Structure formats: structure tokens, C-alpha cells
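The following questions and answers look at how the parts of a model are arranged relative to one another. Please keep the sequence and the structure in view while reading.

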Number of protein chains: 2
Amino acid sequence: MIILSIDSGIEKTGYAVFKDKRYLKSGLITTEKTLATEKRLEKIYNELKKIVRQYSADKIILEQLFFFKNQKTAIKVSQTQGIVLLLASQNNINVSYLTPLQIKQIITGYGRADKKAVQKMIKLEYKIDIKQDDEADAVACGLAFNLLRSCR
Amino acid sequence: MIILSIDSGIEKTGYAVFKDKRYLKSGLITTEKTLATEKRLEKIYNELKKIVRQYSADKIILEQLFFFKNQKTAIKVSQTQGIVLLLASQNNINVSYLTPLQIKQIITGYGRADKKAVQKMIKLEYKIDIKQDDEADAVACGLAFNLLRSCR
């Protein structure tokens with residue numbers, strides 16, 4: 001089973017690919033602030049489409065967001081999630097969600113851990129050294145999903 | 001110029017097509033609550049794609065939303081807007097936004113008018129009789145855009 005975990009954002013979208021429980025690859029899709037929102041969304045969609053096709057992803061894991069500090073962020077993140085969901089449906093890929101709290105809890109043992117603590121655990125426990133926040137978030141999301149699966 | 005105005009929502013997406021300032025057609029895309037979000041988004045995307053191609057839309061007008069009463073609505077509406085924006089970009093269609101306040105102000109002369117007042121004005125002034133809220137919102141959005149254009 002190929003799992004693609006995605007941390008979606010209009011400026012930076014992190015992704016990570018796992019084959020069963022093995023980490024294969026991760027990366028970051030960035031878009032220019034000067035581009036119109038629709039062009040940024042299209043770039044993210046096209047890049048993710050390449051990854052979905054290249055790895056024949058079976059499952060997409062997304063962060064489920066309920067609360068946002070500000071509405072502007074909520075709108076932008078949700079617009080990006082919309083195109084990720086569309087891509088999943090177009091390719092018959094099943095979608096699962098984990099909340100940020102679940103991810104932090106599973107990876108670090110503490111639901112309110114900060115991003116740096118998550119990255120430290122990923123490096124220590126899984127030997128995956130990611131410096132970029134959104135890419136690390138996607139890796140953590142995929143790792144957490146795999147850990148949850150093995151408990152069920 | 002073909003203008004497509006869209007009132008996006010996961011449950012009901014209203015749309016209206018105008019050729020220059022003439023109303024051509026409007027309609028409503030509905031999706032079943034029982035479907036997964038990604039399937040609902042794909043249905044809306046596919047239906048809108050047909051309309052975009054059939055009428056060779058030159059411009060898409062969207063309601064610009066800043067504030068939501070609840071975050072769940074914000075997330076769902078924004079996810080739907082995301083796929084509309086993607087469709088626009090994929091077809092090189094320029095996107096413009098009007099706020100609900102602008103639309104109501106332009107159509108009824110009162111920014112806080114309710115949906116029924118907007119529908120009444122559309123019927124009285126433009127002889128377009130739409131009973132369904134989200135379809136009427138799309139028609140109002142397109143009409144308001146045309147009125148704004150003629151003032152500039």
C-alpha cells in the first residue's frame with residue numbers, strides 16, 4: 001500500500017510518500033505570492049498529480065482542521081484541501097484524516113508538542129531528517145497514520 | 001464576453017451564465033450528503049467543467065467571503081471555491097470577486113437586504129424568476145458584476 005500524506009497550504013504544501021510503513025520520499029511544493037490564487041492552486045494540483053501517478057498512491061492522509069486562529073488562513077488552507085480532495089476522487093484514492101493533536105500525540109506522546117519537538121522525534125526515532133516545517137508535518141502525519149494502523 | 005457567476009457550496013452550488021449583459025441561463029448543482037466530500041467536490045467540478053466548456057466562459061465571478069458564522073461552513077465553502085478556482089486556472093479564465101455586501105447593495109440598494117429581497121428585485125427589475133436561494137445568489141452576483149462594469 002502506497003500512502004501519500006499531505007500538509008496542504010497555499011504557500012507551502014508538504015508531502016510524504018510511504019510504501020506500507022517504509023518512508024520513501026518527501027518534499028515541498030511552494031508557490032509564489034505574486035501569482036493569483038487560482039494559478040497557485042493549479043501548480044499545487046499539477047505537482048501532486050505527478051506524485052500520485054508516479055507512486056500510484058492508494059491512500060491520501062490529510063490533516064483535519066476544525067479551528068483556525070484566523071479566517072483568512074482557514075479559507076486558504078481549505079481551498080488547497082479542496083483541490084487535494086478533488087485529485088483523490090479523480091484517482092479513486094481513499095482519504096483519511098488525522099487531527100494535528102492526534103499526530104503530535106502519536107509522534108511525541110504529547111498533543112501540544114511544538115513543531116520542533118515533532119521534527120526531533122522524527123529524526124531520533126525514524127532517522128528522517130527534515131528541516132522544513134510543512135514537509136516535516138506531512139512526514140509526521142504519514143508516520144502517525146502508520147502507527148495507528150499497526151495498533152488496530 | 002461570457003460571464004459565469006458561481007455561488008459555491010458543497011451541498012448546493014448555484015451558477016448563472018451571461019452573454020455580455022444578457023442573462024442566458026442559470027442552474028443549481030446539488031450533491032448528496034451521503035457521499036464523501038471528495039466525491040461531492042468532483043461532481044461539482046465535473047458539472048461546472050461542462051458549463052465552462054459549453055459556453056466558453058471568459059470570466060468567473062465568485063462571492064468573496066471573509067467572515068463566517070462557523071468554521072465548518074468556512075471550510076466547506078472554501079474547499080468548493082478551491083475546485084472552482086482550479087477549473088478557472090485550467091481553462092485560463094479570469095476570476096473576479098464581489099462580496100455579498102456589494103452584491104446586495106448593488107441589486108437592492110441595501111447591503112443588509114435578505115435573500116428574499118434580492119430575489120424580488122431580480123424578478124421585478126430583470127424578469128428573472130428564481131425560487132432557489134443559491135441559484136438566485138449566483139444570478140444576483142452576475143447581475144451586480146454587470147452593473148458594476150457599466151459604471152466604470
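Q: How are H2(A) and H1(B) oriented to each other: roughly parallel, roughly perpendicular or oblique?
A: In this predicted model, the axes of helix H2 (residues 71–90) of chain A and helix H1 (residues 37–55) of chain B come within 8 Å and cross at roughly 90 degrees. Angles of 65 to 115 degrees count as roughly perpendicular, and H2(A) and H1(B) are therefore roughly perpendicular.

Q: Into which classes do the residues of the contact of H2(A) with H1(B) divide?
A: On the side of H2(A), the contact is made by A:Gly82, A:Leu85, A:Leu86, A:Ala88, A:Ser89 and A:Gln90. H1(B) contributes B:Thr37, B:Glu38, B:Lys39, B:Leu41, B:Glu42 and B:Tyr45. The residues of this contact divide into five nonpolar, four polar and three charged.

Q: How are H3(A) and H4(A) oriented to each other: roughly parallel, roughly perpendicular or oblique?
A: Helix H3 (residues 100–108) and helix H4 (residues 115–126), both of chain A, have axes 9 Å apart and pack at an angle of about 45 degrees. The crossing of H3(A) and H4(A) is left-handed. Angles under 35 degrees count as roughly parallel and those of 65 to 115 as roughly perpendicular, so the angle of about 45 degrees leaves H3(A) and H4(A) oblique.

Q: As by what kind of axis are the two copies related?
A: A turn of 180 degrees, with a shift of 0.0 Å along the axis, lays chain A on chain B with an RMSD of 0.0 Å. The two copies are thus related as by a two-fold rotation axis.

Q: In chain A, which residue has the C-alpha nearest the axis?
A: The axis in question is that of the turn of 180 degrees by which chain A can be laid on chain B. In chain A, the C-alpha nearest this axis lies 2.2 Å from it and belongs to A:Gln79.

Q: Which strands of chain B stand at the edges of the sheet?
A: The open sheet of chain B is formed by five strands in the order E3-E2-E1-E4-E5, with mixed pairing. A strand with a single partner strand has one side left without a neighbour in the sheet, so the strands at the edges are E3 (22–30) and E5 (94–98) of chain B.

Q: In E2(B), which residue is the bridge partner of B:Ile2?
A: Strand E1 (residues 2–7) and strand E2 (residues 12–19) of chain B run antiparallel and are joined by six bridges. In E2(B), the bridge partner of B:Ile2 is B:Lys19.

Note on methods: Residues are numbered from 1 along each chain as its sequence is written. Chains are lettered from A and ligands numbered from 1 in the order in which they are written. This is a predicted model: local features need pLDDT of at least 70, side-chain atom pairs count only at pLDDT 80 or more; totals for chains, interfaces and linings use all residues. Axes are lines fitted to C-alpha atoms, for helices over the stretch in contact, and angles run from 0 to 180 degrees between N-to-C directions. Helices (H or I, at least four residues) and strands (E, at least two) are DSSP runs, numbered from the N terminus. Angles under 35 degrees count as roughly parallel, over 145 as roughly antiparallel, 65 to 115 as roughly perpendicular and the rest as oblique. Two residues are in contact if their C-beta atoms, placed from the backbone, lie within 7 Å. Ala, Val, Leu, Ile, Met, Phe, Trp, Tyr, Cys and Pro count as nonpolar, Asp, Glu, Lys and Arg as charged, and the others, Gly among them, as polar. A crossing is left-handed if the near helix is turned anticlockwise from the far one by less than a right angle, and right-handed if clockwise. Copies are superposed by least squares on the C-alpha atoms of residues with pLDDT of at least 70 in both. Two strands pair if DSSP finds at least two bridges between them.
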